[in-house]
Structures are given as C-alpha cells and as structure tokens.
Amino acid sequence: MIDPRFLHAKTGMVTLRVTHEALQKYVETIGELNPIYFDKNIACQAGFEDIPLPATYPSLFWNAFQPIWLKNQASFMLSSQVFTYIRPLLINHDYQGELTLTALRKSVNKQFAVHILRLYDQSSLVATVKTTIVLTNEVT
Amino acid sequence: MAIQEFEIYISEKLIDDYACVSKDVNPIHMDKISARKLGFPNRIAHGMIFMSIAHKFITPLIGKGWFVSMQEMKFTSPIFLYDTVVLEMHSVKNTTEIQDFRIIGCNGSGMKVLRGKLVLERLNLS
C-alpha cells in the first residue's frame with residue numbers, strides 16, 4: 001500500500017517524445033492498421049501537422065517516470081483511466097509531463113490511488129491523463 | 001444503436017505483446033501464481049488493452065478531421081487470461097461539432113466488466 005505521506009507528491013517534469021518506430025510498435029500490437037498512424041501525408045490530409053498519437057498512447061508515458069510512492073509496490077492494476085485533450089499529440093514532438101499522486105482511498109483490503117499526468121507543449125497544457133490504480137493485499 | 005462490436009480473446013500472446021510494448025510487466029499480469037496470491041484465478045489482462053482496442057472503433061473518424069477530446073474507461077471486474085470480451089459502442093450524440101459514444105464490455109459469462117466514453121471534436125484547421 002502507498003504511504004499516505006506521499007499524497008500530492010510529484011515526479012518532476014520529464015521531456016517526452018514519441019518516435020515513428022515506437023508508435024509503429026504500439027499500433028501493430030493493438031492491431032491498429034489505419035494508415036493515418038503510418039503515413040504522414042495521410043495524417044496531413046486529415047488536418048494534422050504530423051502523424052497523431054492514438055488517444056491512449058500516453059499510458060505508455062508512465063515508463064518515463066519512476067514515482068517513488070510506487071517503489072516496491074509489486075501488485076496493482078488499472079481501475080479507471082481518463083484521457084482529456086485540448087489538442088492531439090503528435091510524433092516527433094517534445095512534450096513535458098509531470099505525474100502527481102492526487103488522492104488515496106482505502107476500501108477493505110484495497111487501496112485506490114489517483115494519479116494525474118499533465119502534458120504540456122511549451123508550457124501550454126495540451127492533455128491530462130487521470131489514472132486510478134488499485135493495490136491489493138495478498139490473500140492469506 | 002450499436003454501431004460496432006469487437007470480440008477480444010485474451011490470449012497469452014496478447015498479454016505478453018502488450019506487456020512488451022508497454023513495459024508493464026507487473027506480476028499480476030505476467031504470472032498466474034502471483035495473481036492467485038491476490039485471490040484471482042489467473043493472470044489479469046492489462047486494462048489498457050481494452051481501451052486501446054476500443055480506440056480503434058473511431059480511428060476512421062481521425063482520418064476525417066476529428067480528434068479524441070476525451071476517452072474514459074472504468075473497469076468493474078478483472079478480465080482474465082482466456083476470457084473473451086465483447087466491446088460494443090453506441091453513439092449518443094452526433095453533430096457537425098461533436099461525436100459522443102458509450103462503450104460497454106461484457107465477458108463470456110455476460111457480466112459487464114467495463115464501461116467507457118469516447119468524445120471526438122473537429123480539428124481546428126485554421
């Protein structure tokens with residue numbers, strides 16, 4: 001379980017950039033074969049400046065953070081996730097992100113931990129990801 | 001009106017491939033014994049698998065000048081290795097400015113295991 005003393009802790013700002021190769025690996029894994037994720041010309045024809053990221057891609061940004069409050073937390077799973085966009089994210093573009101632990105709630109042998117990932121483009125907020133994970137005690 | 005359905009079979013390959021690309025190798029996803037220690041009968045599929053696949057419902061709209069302004073999913077029950085989940089998407093609003101969808105997912109026993117929303121807005125091309 002997460003120590004409540006970590007409530008409102010932040011990871012610090014990290015620069016995040018998705019390459020074309022990283023996106024290909026992701027979309028192929030989920031079986032997403034739409035050419036808009038492969039061909040910049042098609043993306044531009046649809047009104048994007050470059051190939052857009054699927055709305056769900058920022059869940060992978062968690063790898064860029066090492067939240068100290070999750071250190072040694074072996075078992076947790078996703079309870080809910082909300083992606084909110086002011087504008088779409090693109091490949092080959094630098095974004096700045098920071099992860100914050102915003103709430104903790106206990107329920108019997110479970111703990112729910114709410115995280116907010118804020119993504120900025122040159123200090124303008126472009127997207128927010130709210131992730132609630134549930135941590136569970138081992139059954140004895 | 002249900003506009004689209006996807007059936008997703010949770011194979012070892014699907015979980016392993018998603019773990020590889022997401023680098024989420026939490027034992028609860030990767031190891032049956034670890035999952036059992038927590039009271040679950042089998043490995044649990046990554047929730048993001050379903051959110052990512054649900055996104056495929058609307059990808060054709062992304063190619064027509066729309067972008068996702070909000071995508072939400074709540075998991076009401078764990079989804080296990082070898083489960084089959086049927087995702088069903090319904091349109092609740094469809095205007096020239098906004099498209100709003102609801103998603104539900106049921107497992108092979110007919111139990112609702114997830115629900116979600118997807119909202120798309122027009123790209124500002126100016």
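How much area is buried between chain B and chain A, and what percentage of it do carbon and sulfur atoms give? The buried area, meaning the accessible area (1.4 Å probe) that two parts lose on being put together, summed over both, is about 3200 Å², and carbon and sulfur atoms give 64% of this. In chain B, B:Val21, B:Leu38 and B:Met48 lose the most area to chain A, together 17% of what that side buries.

This is a predicted model, in which local features need pLDDT of at least 70 and side-chain atom pairs count only at pLDDT 80 or more, while totals for chains, interfaces and linings use all residues. Residues are numbered from 1 along each chain as its sequence is written, and chains are lettered from A in the order in which they are written.

Contact (heavy atoms within 4.5 Å) joins 41 residues of chain B to 38 residues of chain A. Polar and charged links across the interface are counted as follows.

| Link between chain B and chain A | Count |
|---|---|
| Salt bridges (side-chain nitrogen of Lys or Arg within 4 Å of a carboxyl oxygen of Asp or Glu) | zero salt bridges |
| Polar contacts (a pair of N or O atoms within 3.5 Å; within protein, one must be able to donate a hydrogen and the other to accept it, and residues adjacent in sequence count only if both atoms are side-chain atoms) | eleven residue pairs, both at pLDDT 80 or more |

Strand 2 of chain B (strands being DSSP runs of E, at least two residues, numbered from the N terminus) gives the largest share of the side of chain B that touches chain A, ten residues.

Key: Side-chain values use heavy atoms; hydrogens and water are left out. Helices (H or I, at least four residues) and strands (E, at least two) are DSSP runs, numbered from the N terminus.
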